[in-house]
Amino acid sequence: ISSVAFIGLGAMGWRMAAHLPKAFADVRVWNRTFSKAQQHAAEFGTRAVDIKEAVQADIIFSCLPTSSEVETLIAEHLPKAGSIWVDCTSGEPTSAQYLNVHLQARDVAFLDAPVSGQTIGAEKGTLTVMVGGDAEALQRARPAIEPFAGLIQHVGDSGSGFAVKAVNNMLLAVNLWAAAEGFSALKAHGVDVQGALACINASSGKSNATETVLPQRVFNRSFPNTFALNLLAKDAGIALDLVQRAKLPAPVLALTQSLIRAASDTSANDSDFSAAVKMLERWTNIELS
Ligand code: NDP
């Protein structure tokens, strides 16, 4: 690998791309708002390039809001033969399958490689990367992924990485909503919320929602926007689509998808995912603090 490129310097991409110069001399970055790419280059020693030069790299990363933006870019800017496109977007499995076939015909490998660990994991370089697609292509791309990863896990054919990511985020949504309902009930009964949190986090009802989201984002009313609520709603939709295409009953997931979609549609555009609980607060008149 002599050149790598990173497309999409958003909350995640900005931090992920910052690790690449540790391992590679030629790190190209491109962002729609180009000033961000120039700022990244100045800060981290990457090189701001136009999109045509970005897609000529040996390994091309993308981290955009949805599969639709990735498909548009690839349709307009074909990568060179022999390269590997590593898409770190939380995307749609069917889109990964389409792009894999479409690019294979041009001798380009496509890996769906979404990440978890939030912006803090991106900053520390400890992300979990769940990869679908050709295992041999992953072997070749691995040295380029390692600088920002704590765990790189192959999970199956094209689309599998996106599927795992969607289910993970659906579980985050289920746990967050359920925890908010549970703590509303405790508050309604005058229970000490911090004490309750300490007990539950030492018991079987704990989850990432009780361990980090409620204490660090909700109870202190900070709701810092590091992962947009509309992106979580998108992920819940992808997970529900998986369930429906398999014709499975999944009442809890279906209900949660509706809740998160409604919360997103009735919230300000720049809301953090944790602000989904504000919809419940409006229903109950109980503030989770
Ligand atoms: P952001 O909204 O912070 O960044 C989005 C990026 O996509 C920006 O660089 C933006 O460019 C670019 N972009 C948007 N639309 C277009 C377009 N039409 N053409 C080209 N570029 C475009 O998102 P995140 O970084 O938070 O999320 C990116 C992906 O990672 C999503 O799929 C998300 O679900 C996933 N993810 C997010 C996590 C988080 O904690 N934030 C954690 C794990 C996964 P511009 O600067 O010009 O707006």
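**Exercise 1.** Determine whether Lys247 is buried or exposed, and describe its backbone.

*Solution.* Step 1: a residue is buried if 20 or more other C-beta atoms, placed from the backbone, lie within 10 Å of its own, exposed if 12 or fewer, and partly exposed in between. Step 2: Lys247 has 6 other C-beta atoms within 10 Å, so Lys247 is exposed. Step 3: Lys247 is found in the loop between α11 (229–245) and α12; helices (H or I, at least four residues) and strands (E, at least two) are DSSP runs, numbered from the N terminus. Step 4: the phi of Lys247 is near 55°, a positive value in a residue other than glycine. Most residues other than glycine have a negative phi.

The model is a predicted one, in which local features need pLDDT of at least 70, side-chain atom pairs count only at pLDDT 80 or more, and totals for chains, interfaces and linings use all residues. Residues are numbered from 1 along each chain as its sequence is written.

**Exercise 2.** Carry out the corresponding analysis for Asp107.

*Solution.* Step 1: the loop between α5 (93–104) and β6 (109–112) holds Asp107. Step 2: with 11 other C-beta atoms within 10 Å, Asp107 is exposed. Step 3: Asp107 has a phi near 60°, which is positive in a residue other than glycine.

**Exercise 3.** Establish whether Leu138 is buried or exposed, and identify its contacts.

*Solution.* Step 1: Leu138 belongs to helix α7 (residues 135–145). Step 2: because 22 other C-beta atoms lie within 10 Å, Leu138 is buried. Step 3: two residues are in contact if their C-beta atoms, placed from the backbone, lie within 7 Å. Leaving aside neighbours within four places in sequence, Leu138 is in contact with Leu111, Val131, Gly133 and His154. Step 4: Leu138 and Phe110 are 28 residues apart in sequence, and their C-alpha atoms are 9.4 Å apart in space.

**Exercise 4.** Describe how α8 packs against α12.

*Solution.* Step 1: helix α8 (residues 160–188) and helix α12 (residues 251–265) pack at about 80°, with their axes 10 Å apart. Axes are lines fitted to C-alpha atoms, for helices over the stretch in contact, and angles run from 0 to 180 degrees between N-to-C directions. Step 2: angles under 35 degrees count as roughly parallel, over 145 as roughly antiparallel, 65 to 115 as roughly perpendicular and the rest as oblique. The angle of about 80° therefore makes α8 roughly perpendicular to α12. Step 3: Met170, Ala173, Val174 and Trp177 of α8 meet Val252, Leu253, Thr256, Leu259 and Ile260 of α12. Step 4: these residues comprise eight nonpolar, one polar and no charged. Here Ala, Val, Leu, Ile, Met, Phe, Trp, Tyr, Cys and Pro count as nonpolar, Asp, Glu, Lys and Arg as charged, and the others, Gly among them, as polar.

**Exercise 5.** State which residues surround the ligand most closely, and which domains supply the shell.

*Solution.* Step 1: the ligand is surrounded by 23 residues, of which the closest are Gly10, Ala11, Arg32, Thr33 and Phe227; a residue is near a molecule if its C-beta atom, placed from the backbone, lies within 6 Å of it. Step 2: β7 (115–116) and α6 (118–124) are the elements that give two or more residues to this shell. Step 3: by class, the shell has nine nonpolar, 11 polar and three charged residues. Step 4: at least three residues come from each of domain 1 (4–156) and domain 2 (163–284), bounds that come from an automatic or database domain assignment.
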